[in-house]
Amino acid sequence: MTALVWCVPARADISKVAADCTGTSSCTTTGNVTGDLEVAYAGRDGNTAAPSLPAGWTDVGTSSINGAGSADSAVRLACKVASGADEASGTFTNANALVIQVYRGQRPGTSAICNTDILGTPTFSKTASNATSTTETFGAVTNSASTSWDTGFGYAPAATAGMDTAPVALTFRTIQGTIMGGHDTDGPVSSFASANVAIATASRIITVVTEVRAPCVGNCKVQSCTGAALSTSVDCVFGSNITYGNLIHVFAGALSTSTTISLSGCAAVPFSAPDTQTTGWGTTYNQWYGIASSTTSCTLTFNSTASVDLLVLAEEYSGGATTLDGHALAPSTGASIRTGPSISATNDGELVLGTFLDSSNTVGCTYTAGSGFEVVNFSTARNCAAKEMTTQTAAGVIAPTMGASALAGDTIAAGTISFSGGGAVTDAGADGGTQDAGDGGESDSGAPDGGADAGEADSGVSSAGDGGEGDSGTSDGGVDAGESDSGPGTPGEADSGLPAPSPDGQMRLQVGCGCGAVDCATPWVWVAAFAFAMLDRRRARAGGRRCSRTSGVL
């Protein structure tokens, strides 16, 4: 049977919710619902310590001006995913201005990871120490996708007017008194160009602009974990269940050249190591991959025969790219820009991952993704490491690059790997659950600098990329229910004329859906699909032919 369905990618766009609130150190949103994204900007005058973070919020970054005497100012950017309607913010202690803006339809995720998976790296700008200005400068931001919005805030404790004027390409949203304003792009953009706004009365000024990510389509990171320890083993624990059919990739290293390393745990994922363990620059390292055979919890354990410094990075990816293609391990040398080993991606639309592990730096590392890549995982615990991803548009040779500020002159371990098969997936095995629409609480612990102006005390968190992605549309491996019992149907199928339920309780209807690498999750026109499928089945029986199929979820 071949049923043809015209499917539309399930893609929710970001929207602005009229639920903003303002105050000096606290406020209550009005009109938000559970799951909305709240972005807070809190300012403090006369001190370099940023306002404190209330319970339930996650820090995105801080910036401060350290002047003579009390000529100081500080700000904090924070986020949370609403757990209820009309939420009280809690108190940003020591703040004298607070603005909270509310959004809906953002990339799925929890409050614990809203700083890495939902928001991008913040760009802070500020006036020089012991100086004031009437020009409010909003720094440039390049988004990870053209579906993202940008949101911006300004704080000028001496301003008497002008904070409700938005820079070019931003739309004014809300103001606290005369000293703090909030804005956004009011729609998806690929970037925001630096822009200035004039205010009344010279003041110390600190601004920030950051990306708000829309739900991912195609190859997407769902969640990640890291682990680091001086031991013979270290765990990497995914915060949420991994999902049937999704790809798990692991890169790990041990700071010794005379040890044997291995990966264990997470029985639902049969891992393979496409390369042999590699040694160099005092490190033994390798990479593994596997496809989740069920939707379940997952704890990975990285093992070493010697008790040494261990570091492991692991991620879950959705989108259907699960067939191994190119892969390589090699040391990477260079200055501030590193180049990983090159591989040949033999198909269009492959998921490409590049990992860089430094064995001689343990603190102060910051990472910048290479052109076309996005940082999806990092760690600064015991040693510095980061991983980036891209979907390569066309087949060809590719070598990931990454900027790493603390690694100049060092030799580091690096790996590159690619996977094909994104888009509509033909399942060859067991029934599977639908793609998880939410991120899990990640155990990422590192927080590289947000890349603001030199001399800032910024702690902006690097983008960790993507979460909560679309349905990969895996199907059950048996023949559709209702076929003749003389055919090679999967045992236990019902002759009801409907597909047999999968273990996750969902009915599965086999459909053709040529969406390529685009997420083809619900909604689909299932009534029409089922009608076409049943008609085609009858025709197939009459003609004595078997059916070919790709998959969907009913």
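This is a short walk through one protein chain, from model confidence to strands, aromatic pairs and one loop residue.

What we have is a predicted model. The mean pLDDT of the chain is 77, and 71% of its residues reach 70 or more. Two stretches fall below that. Over residues 1-11 the pLDDT is below 50, and this stretch has 41 contacts in the model beyond near neighbours in sequence. Residues 423-554 also have pLDDT below 50, with 358 contacts beyond near neighbours. Where pLDDT is low, the predicted coordinates should not be read in detail. I will leave those two stretches there.

Start with strand β16, residues 247-254. How many of its residues are buried? Eight of the eight are, so the strand is largely enclosed by the rest of the structure. Both faces are covered. On one side the buried residues are Leu247, His249, Phe251 and Gly253, and on the other they are Ile248, Val250, Ala252 and Ala254.

Next, the partners of β16. It pairs with β19, residues 283-291, in the antiparallel sense over eight bridges. Within that pairing, Ala252 stands opposite Asn286. β16 is also joined by eight bridges to β20, residues 299-318, and these two strands run antiparallel. There, Gly253 stands opposite Leu311 in β20.

Now the aromatic residues. The structure holds six aromatic pairs; I will take two of them. In Tyr41 and Phe153 the ring centres are 5.3 Å apart and the planes are at 20°, so the pair is stacked. Tyr41 lies in β2, residues 37-45, and Phe153 in β9, residues 149-155, so this pair ties together parts that are 112 residues apart in sequence. Tyr41 counts as buried, at 0% relative accessibility. Phe153 is likewise buried, at 0%.

Tyr103 and Trp149 make an edge-to-face pair, 6.0 Å centre to centre, with 75° between the planes. Tyr103 sits in β5, residues 97-104, and Trp149 in β9, so the parts tied together here are 46 residues apart in sequence. Both Tyr103 and Trp149 are buried. Tyr103 has a further neighbour to mention: the charged end of Lys16 sits over its ring, 5.2 Å from the centre. Strand β9 therefore contributes Phe153 to one pair and Trp149 to the other.

On to a sheet later in the chain. It is an open sheet of five strands, in the order β21-β30-β24-β27-β26, with antiparallel pairing. Which strands stand at the edges? They are β21, residues 323-332, and β26, residues 374-379; each has a single partner strand, so one side of each is left without a neighbour in the sheet. On average, neighbouring strands of the sheet are turned by 15° against each other, direction ignored.

For the edge strand β26, the partner is β27, residues 384-392, joined to it by five bridges in an antiparallel arrangement. One residue pair to look at is Glu374, whose bridge partner in β27 is Met389.

Last, the loop that follows. Thr393 lies in the loop between β27 and β28, the latter being residues 396-398. Is Thr393 buried or exposed? It is exposed, with a relative accessible area of 70%. Leaving out residues up to four places away in sequence, Thr393 touches Asp348 and Gly349. From Thr393 to Asp348 the C-alpha distance is 5.5 Å, across 45 residues of sequence.

That is where I will stop.

Key. Residues numbered from 1 in each chain as written. Predicted model: local features only at pLDDT ≥ 70, side-chain atom pairs only at ≥ 80, totals over all residues. Heavy atoms only, no water. pLDDT = per-residue confidence, 0-100. Contact = heavy atoms within 4.5 Å. Pairing = 2+ DSSP bridges. Helix = DSSP H or I, 4+ residues; strand = E, 2+ residues; numbered from the N terminus. Axes fitted to C-alpha atoms, helices over the stretch in contact; angles between N-to-C directions. Buried < 20%, exposed > 50% of the residue type's maximum accessible area, 1.4 Å probe, protein only. Phe/Tyr/Trp six-rings, centres within 6.5 Å; stacked < 30°, edge-to-face > 60°. Lys NZ or Arg CZ within 6 Å of the ring centre and 35° of its normal.
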